[in-house]
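Got your viewer open? Here's a quick tour, one selection at a time.

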Amino acid sequence: LSLFVWPGPQSSLMMKTKTRLFAEKLNKNERKNNASVTVVTPGKEPREFWSLLGCQLTLDEIQPHVESFTPRVPRLYRVHLGHGYLELPQVEIHYSKLTHSLLELKDVYILDCHSDIF
């Protein structure tokens with residue numbers, strides 16, 4: 001399991017820090033410390049991160065290894081400060097398709113794919 005935090009290039013240091021702390025708490029409380037938490041530098045994102053967002057990348061041919069698997073629709077949360085606490089509103093995903101245009105440069109996001117969190 002992996003938890004990736006993607007801070008927008010224009011997001012504040014406080015938002016980046018609070019989101020990282022939230023991801024660590026999520027790992028401890030819900031993932032039983034079985035996940036690794038990684039803060040991804042914008043522009044140096046792992047290939048898997050962008051492919052989950054629907055970006056077309058040049059990938060080696062994928063060999064099926066599990067039969068009759070139907071992936072669940074991922075959830076994207078935008079992290080921002082409310083009245084003294086973090087708010088995590090879920091971003092509306094049209095047609096169950098994640099796109100790069102859902103990410104705003106000034107915000108920080110958490111992508112929950114049910115088996116991995118980015």
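In what order do the elements of the protein chain run from the N terminus on? Colour by secondary structure and follow the ribbon: you'll read β-α-β-α-β-β-β. That makes two helices and five strands. Bear in mind that you're looking at a predicted model.

While the whole chain is on screen, a few overall values. Of its 118 residues, 33% are buried. The accessible surface is about 8200 Å², with 51% of that belonging to carbon and sulfur atoms. Among contacts with a separation of 6 or more, 68% join residues 24 or more positions apart.

**Stop 1: helix α1.** Select residues 13-30. These 18 residues make up α1, which reaches 25 Å from first C-alpha to last, close to the 26 Å expected at 1.5 Å a residue. Now show side chains for Met15, Thr19, Ala23, Leu26 and Asn27, which are buried. Look down the axis: they sit on the same side of α1, because they cover an arc of only 115 degrees around it. The background is simple: an α-helix has 3.6 residues a turn, so residues three or four places apart point the same way.

Spin to the face turned away from the buried side, and you'll meet the exposed residues Leu13, Lys25 and Lys28. What lies over the buried residues? The cover includes β1, β2, β3, β4 and β5. Before leaving, click lysine 32, which follows α1 and has a positive phi, near 55 degrees.

**Stop 2: the largest nonpolar core.** This one has 14 residues, and Trp6, Leu76, Leu98, Leu102, Leu103 and Tyr109 touch the most other members. The elements giving two or more residues to it are β1 (2-7), α2 (47-52) and β5 (108-112).

Centre on leucine 76 and show its surroundings. Leaving aside residues up to four places away in sequence, leucine 76 touches Pro89, Gln90, Val91, Ile93, Leu98, Leu102, Leu103, Tyr109, Ile110 and Leu111. Then pick out Val5, Tyr77, Val79 and Ile110, which are among the seven residues of a second, separate core.

**Stop 3: the aromatic pair.** Which two residues form an aromatic pair here? Select tryptophan 6 and tyrosine 109: their rings are tilted, 6.3 Å centre to centre with 40 degrees between the planes. The structure holds one such pair. Tryptophan 6 is in strand β1 and tyrosine 109 in strand β5, so the pair ties together parts 103 residues apart in sequence. Both partners count as buried: tryptophan 6 because its relative accessibility is 5%, and tyrosine 109 because its value is 3%, against a cut-off of under 20%.

Definitions and conventions. Residues numbered from 1 in each chain as written. Predicted model: local features only at pLDDT ≥ 70, side-chain atom pairs only at ≥ 80, totals over all residues. Heavy atoms only, no water. Core = buried A, V, L, I, M, F, W, Y, C linked by side-chain atoms within 4.5 Å. Buried < 20%, exposed > 50% of the residue type's maximum accessible area, 1.4 Å probe, protein only. Helix = DSSP H or I, 4+ residues; strand = E, 2+ residues; numbered from the N terminus. Contact = heavy atoms within 4.5 Å. Expected span 1.5 Å × (residues − 1). Arc of directions from axis to C-beta. Areas by Shrake-Rupley, 256 points an atom, 1.4 Å probe, with all protein chains shown as cover. Phe/Tyr/Trp six-rings, centres within 6.5 Å; stacked < 30°, edge-to-face > 60°.
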